[in-house]
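Take the chain below one region at a time. Start with how far to trust it, then move to its surface.

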Amino acid sequence: MTTERETLDTAPGTATTGTGTATDAPLDVPALAAQPVAYWTWAATEALLDHIRGAMAHEDVTQQQWWTLNHVDGAENGLTRAEVCERLEPYLNGVTPGAMGHAVDSLLRRGWLVAGDAGRLTLTGTGRDAKARIKTVVSRLRAEIHEGITDEEYAAALTVLQRMISNVGGTATPR
């Protein structure tokens, strides 16, 4: 039987040796099916967020700042501070609205955002340049995270997670 870490490191339809090397042996479906999904979703969340946040820190930006730049830029007439917080509320999971206010303030101080009429926030030229630079990092992160995973596998994983959420009466908003 493979360890949890070895199972995580292999492609679907393969097993691993004791060294984590993929073999052509079939997966131990009963053993995998008995593992707790809550642990694996938690472990995936932790690993992914650590990876994403670390890469963004190298660019001297936080996830909240990135989200803010994206949403403000995507709004035809900009957004107010309250609208930024409202739009990003589904993403906050553990991030306080105060942290979102801090993200807005820091982007204003950096000159990446400007507050115009009625407090509507828009990107400055410097903000657009920063957004383009960070978008390159985000695209690289997505490629790293999805490496070796087909679109069909990814869609199947999300479908299963969405069904599990629904099965327990939870809700999740597709993004």
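The paragraphs below cover confidence, one helix and its patch, and one glycine.

This is a predicted model: local features need pLDDT of at least 70, side-chain atom pairs count only at pLDDT 80 or more, and totals for chains, interfaces and linings use all residues. Residues are numbered from 1 along each chain as its sequence is written, and side-chain values use heavy atoms, leaving out hydrogens and water.

Confidence comes first. pLDDT is the predictor's confidence in each residue, from 0 to 100. The protein chain averages 84, and 82% of the residues score at least 70. Residues 1–21 stay under 50. Where pLDDT is low, the predicted coordinates should not be read in detail.

Now turn to helix H8, residues 151–167. Helices are DSSP runs of H or I, at least four residues, numbered from the N terminus. H8 has 17 residues and reaches 24 Å from first C-alpha to last. Gly 169 follows H8, with a positive phi near 80°.

H8 also supplies five residues, the largest share, of a nonpolar patch. Tyr 154 lies in this helix. Is Tyr 154 buried or exposed? Neither: Tyr 154 is partly exposed, at 35% relative accessible area, because buried means under 20%, exposed over 50%, and partly exposed in between (1.4 Å probe, protein chains only).

Gly 74 lies in helix H4, residues 63–74. Gly 74 counts as exposed, with 61% relative accessibility. Its C-alpha is 9.6 Å from that of Thr 122, 48 residues apart along the chain.

Note on methods. Helix = DSSP H or I, 4+ residues; strand = E, 2+ residues; numbered from the N terminus. Expected span 1.5 Å × (residues − 1). Contact = heavy atoms within 4.5 Å.
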